[in-house]
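Biologist: Please pick one part of this model and look at it closely. Then work outwards from there and tell me how the surroundings fit together.

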Amino acid sequence: QTFEYYTYTLGRNTTVKNNQTKQIHLFDAASVKIEKEFLVQGQKDYFFRKWEREEKVPVQVYIVFMNSEKNHMGMPLPMGTARLYKKETDGSIRFLGEDAIGHTPANEEVRLQVGEAFDVIAERVQTDYQQVSQRVTESQWQITLRNQKDKIIKVGVEEYFSDHWKIIDSSHPYIKKSAFVARFEVEVPAKGETKVLYRVRMGR
(Lines give C-alpha, C1' and ligand atoms only; values in the text may rest on other atoms or scores of the structure.)
Protein backbone atom coordinates (compact mmCIF):
# COMPACT_ATOMS: atom_id res chain seq x y z
CA GLN A 1 0.00 0.00 0.00
CA THR A 2 1.31 3.44 -1.00
CA PHE A 3 -0.19 6.49 0.73
CA GLU A 4 -3.96 5.75 0.46
CA TYR A 5 -3.61 3.62 -2.67
CA TYR A 6 -3.33 -0.14 -2.94
CA THR A 7 -1.26 -2.03 -5.51
CA TYR A 8 -2.71 -5.37 -6.57
CA THR A 9 -0.08 -7.99 -7.31
CA LEU A 10 -0.62 -11.07 -9.44
CA GLY A 11 1.95 -13.29 -7.76
CA ARG A 12 3.26 -14.38 -11.18
CA ASN A 13 4.59 -12.89 -14.41
CA THR A 14 2.45 -12.15 -17.44
CA THR A 15 2.94 -10.42 -20.78
CA VAL A 16 0.71 -7.93 -22.60
CA LYS A 17 1.38 -7.28 -26.26
CA ASN A 18 1.08 -3.89 -27.89
CA ASN A 19 -2.61 -2.83 -28.17
CA GLN A 20 -3.67 -6.08 -26.51
CA THR A 21 -6.45 -6.36 -23.91
CA LYS A 22 -5.99 -9.24 -21.52
CA GLN A 23 -8.05 -10.63 -18.65
CA ILE A 24 -5.88 -11.92 -15.83
CA HIS A 25 -6.93 -14.27 -13.06
CA LEU A 26 -6.24 -12.47 -9.77
CA PHE A 27 -6.75 -15.17 -7.10
CA ASP A 28 -8.62 -18.36 -6.22
CA ALA A 29 -11.07 -18.74 -3.34
CA ALA A 30 -12.77 -22.04 -2.50
CA SER A 31 -15.32 -22.98 0.15
CA VAL A 32 -16.38 -19.37 0.68
CA LYS A 33 -19.41 -19.18 2.96
CA ILE A 34 -22.16 -17.03 1.44
CA GLU A 35 -25.64 -16.06 2.54
CA LYS A 36 -28.66 -15.30 0.39
CA GLU A 37 -30.70 -12.31 1.47
CA PHE A 38 -34.22 -11.36 0.35
CA LEU A 39 -34.93 -7.65 0.73
CA VAL A 40 -38.02 -5.48 0.29
CA GLN A 41 -37.38 -1.72 0.29
CA GLY A 42 -39.90 1.06 0.80
CA GLN A 43 -39.85 4.64 -0.46
CA LYS A 44 -39.83 7.95 1.40
CA ASP A 45 -42.82 9.40 -0.46
CA TYR A 46 -45.21 6.73 0.91
CA PHE A 47 -45.91 8.46 4.19
CA PHE A 48 -47.29 11.95 3.56
CA ARG A 49 -50.35 11.15 1.47
CA LYS A 50 -53.19 8.74 1.18
CA TRP A 51 -52.62 5.70 -1.01
CA GLU A 52 -55.73 4.20 -2.55
CA ARG A 53 -54.15 1.20 -4.20
CA GLU A 54 -52.43 -2.03 -3.31
CA GLU A 55 -49.18 -2.55 -5.14
CA LYS A 56 -46.66 -5.29 -5.68
CA VAL A 57 -43.10 -4.40 -4.75
CA PRO A 58 -39.97 -6.21 -5.92
CA VAL A 59 -38.14 -8.64 -3.64
CA GLN A 60 -34.45 -8.10 -4.30
CA VAL A 61 -31.97 -10.96 -3.96
CA TYR A 62 -28.50 -10.32 -2.52
CA ILE A 63 -25.51 -12.59 -2.04
CA VAL A 64 -23.55 -11.57 1.05
CA PHE A 65 -20.15 -12.79 2.27
CA MET A 66 -17.23 -11.65 4.41
CA ASN A 67 -13.93 -10.91 2.68
CA SER A 68 -11.88 -12.48 5.49
CA GLU A 69 -9.17 -15.12 5.88
CA LYS A 70 -11.55 -17.14 8.04
CA ASN A 71 -13.85 -17.24 5.02
CA HIS A 72 -10.97 -18.34 2.71
CA MET A 73 -10.53 -14.85 1.24
CA GLY A 74 -9.07 -11.87 3.11
CA MET A 75 -7.35 -9.87 0.38
CA PRO A 76 -8.29 -6.41 -0.94
CA LEU A 77 -10.76 -6.64 -3.84
CA PRO A 78 -10.45 -4.17 -6.72
CA MET A 79 -13.38 -2.13 -7.95
CA GLY A 80 -15.22 -3.78 -10.82
CA THR A 81 -18.00 -6.12 -11.84
CA ALA A 82 -18.56 -9.32 -9.87
CA ARG A 83 -20.37 -12.10 -11.74
CA LEU A 84 -22.01 -15.06 -10.05
CA TYR A 85 -22.36 -18.54 -11.55
CA LYS A 86 -23.86 -21.74 -10.22
CA LYS A 87 -22.62 -25.22 -11.05
CA GLU A 88 -25.56 -27.50 -11.79
CA THR A 89 -25.73 -31.21 -10.92
CA ASP A 90 -25.03 -32.13 -14.56
CA GLY A 91 -21.80 -30.12 -14.48
CA SER A 92 -23.07 -27.19 -16.53
CA ILE A 93 -22.52 -23.60 -15.36
CA ARG A 94 -25.47 -21.21 -15.06
CA PHE A 95 -25.06 -17.42 -14.89
CA LEU A 96 -26.96 -15.99 -11.90
CA GLY A 97 -26.28 -12.27 -12.14
CA GLU A 98 -23.73 -9.51 -11.70
CA ASP A 99 -23.20 -6.39 -9.64
CA ALA A 100 -20.58 -3.67 -9.34
CA ILE A 101 -18.43 -3.47 -6.22
CA GLY A 102 -16.13 -0.73 -5.01
CA HIS A 103 -12.59 -1.21 -3.76
CA THR A 104 -13.13 -3.50 -0.76
CA PRO A 105 -10.46 -4.00 1.92
CA ALA A 106 -10.00 -7.24 3.82
CA ASN A 107 -12.40 -8.09 6.65
CA GLU A 108 -15.28 -6.15 5.13
CA GLU A 109 -18.68 -7.43 3.99
CA VAL A 110 -19.42 -7.78 0.28
CA ARG A 111 -23.03 -7.44 -0.90
CA LEU A 112 -23.98 -8.33 -4.47
CA GLN A 113 -27.45 -7.60 -5.81
CA VAL A 114 -28.17 -10.35 -8.31
CA GLY A 115 -31.77 -9.71 -9.34
CA GLU A 116 -35.34 -10.17 -8.15
CA ALA A 117 -36.89 -13.25 -6.56
CA PHE A 118 -39.27 -15.20 -8.78
CA ASP A 119 -41.09 -17.19 -6.11
CA VAL A 120 -41.18 -14.67 -3.25
CA ILE A 121 -43.91 -12.02 -3.62
CA ALA A 122 -44.42 -8.80 -1.67
CA GLU A 123 -47.53 -6.60 -1.67
CA ARG A 124 -48.00 -3.29 0.13
CA VAL A 125 -51.25 -1.60 1.10
CA GLN A 126 -52.04 1.42 3.26
CA THR A 127 -54.78 0.44 5.72
CA ASP A 128 -55.21 3.83 7.43
CA TYR A 129 -54.16 7.46 7.01
CA GLN A 130 -54.75 10.41 9.33
CA GLN A 131 -53.70 14.05 9.16
CA VAL A 132 -53.03 14.59 12.86
CA SER A 133 -52.01 18.23 12.42
CA GLN A 134 -50.69 20.50 9.70
CA ARG A 135 -47.22 18.98 10.00
CA VAL A 136 -47.92 15.52 11.47
CA THR A 137 -49.43 12.46 9.80
CA GLU A 138 -50.07 8.89 10.86
CA SER A 139 -50.35 5.99 8.46
CA GLN A 140 -50.77 2.26 8.87
CA TRP A 141 -49.26 -0.24 6.45
CA GLN A 142 -49.62 -3.92 5.73
CA ILE A 143 -46.89 -5.72 3.81
CA THR A 144 -47.80 -9.24 2.75
CA LEU A 145 -44.94 -11.62 2.00
CA ARG A 146 -45.75 -14.85 0.13
CA ASN A 147 -43.24 -17.67 -0.15
CA GLN A 148 -43.73 -20.28 -2.88
CA LYS A 149 -40.54 -22.14 -1.97
CA ASP A 150 -40.49 -25.53 -0.23
CA LYS A 151 -38.56 -24.15 2.75
CA ILE A 152 -38.84 -21.38 5.33
CA ILE A 153 -37.10 -18.14 4.37
CA LYS A 154 -36.30 -14.83 6.04
CA VAL A 155 -37.08 -11.56 4.32
CA GLY A 156 -35.71 -8.17 5.32
CA VAL A 157 -38.20 -5.31 5.04
CA GLU A 158 -36.58 -1.88 5.09
CA GLU A 159 -38.73 1.24 5.38
CA TYR A 160 -37.17 4.57 4.41
CA PHE A 161 -38.50 7.59 6.27
CA SER A 162 -37.70 11.29 6.26
CA ASP A 163 -37.81 14.02 8.89
CA HIS A 164 -39.04 12.90 12.31
CA TRP A 165 -40.61 9.45 12.51
CA LYS A 166 -41.81 7.06 15.18
CA ILE A 167 -43.30 3.60 14.81
CA ILE A 168 -46.20 3.56 17.24
CA ASP A 169 -47.20 -0.07 16.89
CA SER A 170 -46.00 -3.08 14.87
CA SER A 171 -46.72 -6.77 14.50
CA HIS A 172 -43.00 -7.60 14.29
CA PRO A 173 -39.92 -6.23 16.07
CA TYR A 174 -37.66 -3.90 14.12
CA ILE A 175 -34.24 -2.32 14.44
CA LYS A 176 -33.34 1.27 13.67
CA LYS A 177 -30.76 0.62 11.00
CA SER A 178 -29.93 4.31 10.60
CA ALA A 179 -31.49 7.69 11.34
CA PHE A 180 -34.12 7.21 8.63
CA VAL A 181 -34.33 3.43 8.11
CA ALA A 182 -36.28 0.81 10.08
CA ARG A 183 -35.66 -2.86 9.29
CA PHE A 184 -37.96 -5.79 10.02
CA GLU A 185 -36.63 -9.36 9.88
CA VAL A 186 -39.57 -11.54 8.86
CA GLU A 187 -39.81 -15.31 8.73
CA VAL A 188 -42.10 -16.63 6.01
CA PRO A 189 -43.22 -20.29 6.08
CA ALA A 190 -42.81 -22.64 3.15
CA LYS A 191 -45.75 -22.36 0.73
CA GLY A 192 -47.23 -19.74 3.04
CA GLU A 193 -47.41 -16.05 3.83
CA THR A 194 -46.67 -13.58 6.61
CA LYS A 195 -48.23 -10.16 7.07
CA VAL A 196 -46.24 -7.28 8.57
CA LEU A 197 -48.47 -4.56 10.00
CA TYR A 198 -47.18 -1.33 11.50
CA ARG A 199 -48.27 2.26 12.22
CA VAL A 200 -45.90 5.21 11.89
CA ARG A 201 -46.17 8.87 12.90
CA MET A 202 -44.35 11.37 10.69
CA GLY A 203 -43.59 15.01 11.45
CA ARG A 204 -42.07 17.69 9.28
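**A loop residue and the sheet beyond**

Modeller: Asparagine 71 sits in the loop between β3 (60-67) and β4 (80-87). Keep in mind that this is a predicted model. Is asparagine 71 buried or exposed? Its relative accessibility is 8%, under the 20% cut-off, so asparagine 71 counts as buried. What does its side chain reach? That side chain comes to 2.7 Å from the backbone nitrogen of lysine 33. Lysine 33 is also among the residues that asparagine 71 touches. Leaving out residues up to four places away in sequence, the others are Ser31, Val32, Phe65 and Met66.

Now to the sheet. The strand before the loop, β3, belongs to an open sheet of six strands. Their order is β6-β3-β1-β9-β12-β11, with mixed pairing. From one strand to the next, the twist averages 35°. The edges are β6 (108-116) and β11 (174-178). Each has a single partner strand, so one side of each has no neighbour in the sheet.

Further in, β1 (residues 35-41) runs parallel to β9 (residues 153-160), and four bridges join them. Phenylalanine 38 faces valine 155 of β9.

Next, take strand β12 (residues 181-188), which carries phenylalanine 184. Its ring pairs with that of tyrosine 198. The centres are 5.5 Å apart and the planes meet at 35°, which makes the pair tilted. Tyrosine 198 lies in β13 (residues 192-203), so the pair ties together parts that are 14 residues apart in sequence. Both phenylalanine 184 and tyrosine 198 are buried. The model has nine aromatic pairs by the ring-centre rule.

Tyrosine 198 deserves a longer look. Setting aside neighbours within four places in sequence, its contacts include Phe47, Trp141, Ile143, Phe161, Ile167 and Phe184. Charged and polar residues are on the list too, including Arg124, Glu159, Asp169, Ser139 and Gln140.

Where does tyrosine 198 stand in the largest nonpolar core? That core has 39 residues. Tyr198 is one of four that touch the most other members, along with Leu145, Phe161 and Val200. In soluble globular proteins, nonpolar side chains tend to be buried together.

Phe161 also appears in an aromatic cluster. Its partners there are Tyr46, Phe47, Trp51, Trp141 and Trp165. Three of that group, Phe47, Trp141 and Phe161, are in contact with tyrosine 198.

Conventions
Residues numbered from 1 in each chain as written. Predicted model: local features only at pLDDT ≥ 70, side-chain atom pairs only at ≥ 80, totals over all residues. Heavy atoms only, no water. Core = buried A, V, L, I, M, F, W, Y, C linked by side-chain atoms within 4.5 Å. Buried < 20%, exposed > 50% of the residue type's maximum accessible area, 1.4 Å probe, protein only. Contact = heavy atoms within 4.5 Å. Helix = DSSP H or I, 4+ residues; strand = E, 2+ residues; numbered from the N terminus. Polar contact = N/O pair within 3.5 Å; in protein donor to acceptor, adjacent residues only side chain to side chain. Pairing = 2+ DSSP bridges. Axes fitted to C-alpha atoms, helices over the stretch in contact; angles between N-to-C directions. Phe/Tyr/Trp six-rings, centres within 6.5 Å; stacked < 30°, edge-to-face > 60°.
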